[in-house]
Amino acid sequence: MAAGAPRAILVLYMGAPYESDLLATLLRLVEAALDRGHRLVVWTCGGATTVTQRTLGPAKPRNPLAVAQRYPSTARLVKALVDKGAGRLRWYVCRQCLEERGAVEQMAEVTVKAPFHFLPCLDEADVCLSVGVK
Amino acid sequence: MKAQVLAVLERAYRGALEEQYAHVLWMLLSLLRLGGGIAVLLRGNAALYARRGQAWPALDVAGIRVPPPEYEAGVAGLLETGGSVFVMDADLGALGLTAPDLCAGVTVVTRDDVGRLFSSYASVWYL
């Protein structure tokens with residue numbers, strides 16, 4: 001495959017979003033890859049399954065110390081990336097992990113997958129990146 | 001009146017997207033404004049929270065502006081509201097910082113000071 005040619009990238013994102021800046025790194029990486037024409041699948045496991053809950057809504061709760069400021073939720077950011085991808089970004093959420101955490105109400109832009117579907121995703125990818133640990 | 005609580009922070013940068021405004025210094029400032037007596041001891045990488053003149057690069061995701069956590073403003077807010085902020089000197093050294101690099105009003109302490117510091121507060125929280 002020629003250097004710079006569009007690739008199929010699988011990104012495995014695990015771990016809780018409140019432990020480090022992995023989520024910021026992931027979303028920036030995904031957007032940069034979309035901008036370069038790549039196709040991506042993001043597979044979330046563990047605490048990462050909570051960032052796309054429908055119940056998060058588009059914004060974080062108001063900041064009592066700065067009530068006029070609005071802060072986007074993680075769900076809104078993922079939705080914006082999926083929309084921007086126009087079919088080139090699929091965001092999968094591990095059913096086992098989300099059920100374990102009660103994060104069963106996922107937003108419409110993501111797809112809930114049984115754990116064993118990860119292997120076909122791996123087979124279809126040119127590149128696989130693992131971000132974080134469960 | 002002595003402060004009631006000393007909060008010890010060691011783990012820094014817990015997720016800019018998850019936190020945005022709701023980081024640990026924001027929580028402590030909120031408690032302070034509600035009347036709680038709050039002091040903070042910054043250790044490890046959390047000593048960077050007290051650095052003066054921190055840059056706040058904008059973060060945009062798919063055209064959406066994400067307000068970054070403002071740790072320096074959190075430290076300044078604690079000090080302006082009557083709180084105290086301490087930083088361990090050994091941690092500053094490990095980060096290549098010295099006292100002049102810190103926000104005005106932050107107090108540098110040594111390991112030998114920690115026992116006395118702990119005994120000055122009714123509660124010590126490890127956050």
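Two strands pair if DSSP finds at least two bridges between them. Keep that idea in mind as you explore this predicted model.

**Stop 1: a strand pair in chain B**

Select residues 5-9 of chain B, strand β1, and then add β2(B). These two strands pair in the parallel sense, with 5 bridges between them. Zoom in on Leu6(B), and you will find Ala39(B) of β2(B) standing opposite.

Now stay with β2(B), which covers residues 38-42. Is this strand mostly covered or mostly exposed? It is mostly covered, as 5 of its 5 residues are buried. Show the side chains and turn the view: Ile38(B), Val40(B) and Leu42(B) point one way, while Ala39(B) and Leu41(B) point the other way. In a regular strand, side chains alternate between the two faces of the sheet.

Next, add residues 84-88 of chain B, strand β5. β5(B) also pairs with β2(B) in the parallel sense, here over 4 bridges. Ala39(B) turns up again: its bridge partner in β5(B) is Ser84(B).

**Stop 2: a helix in chain B**

Select α2(B), residues 24-33. Which of its residues are buried? They are Val24(B), Leu25(B), Trp26(B), Leu28(B), Leu29(B) and Leu32(B). To see what covers these buried residues, show β1, β2 and α3 (71-80) of chain B, which are included in that cover. Then step just past the end of α2(B) to Gly35(B), which takes a positive phi of about 110°.

**Stop 3: an enclosed strand in chain A**

Move over to chain A and select β1(A), residues 8-13. Why is this strand largely enclosed by the rest of the structure? Because 5 of its 6 residues are buried.

Add residues 39-44 of chain A, strand β2. β1(A) and β2(A) run parallel and are joined by 6 bridges. One place to look is Leu12(A), whose bridge partner in β2(A) is Trp43(A). Trace the chain from β1(A) through α1(A) to β2(A), and you follow a right-handed β-α-β crossover.

Then select β5(A), residues 127-131. This strand runs parallel to β1(A), and 5 bridges join the two. Look for Val11(A), with Leu129(A) of β5(A) opposite.

**Stop 4: where the chains meet**

Finally, show both chains together. How many residues of chain A are in contact with chain B? There are 23, and they touch 17 residues of chain B. On the chain A side, the elements giving two or more residues are α1 (22-35) and α2 (74-85). The largest share, 6 residues, comes from α2(A). Colour this side of chain A by class, and you will see 13 nonpolar, 4 polar and 6 charged residues.

Methods. Residues numbered from 1 in each chain as written. Chains lettered and ligands numbered in written order. Predicted model: local features only at pLDDT ≥ 70, side-chain atom pairs only at ≥ 80, totals over all residues. Contact = placed C-beta atoms within 7 Å. Nonpolar A, V, L, I, M, F, W, Y, C, P; charged D, E, K, R; others polar. Buried ≥ 20, exposed ≤ 12 C-beta atoms within 10 Å, placed from the backbone. Right-handed = clockwise from strand over helix to strand, strands pointing away.
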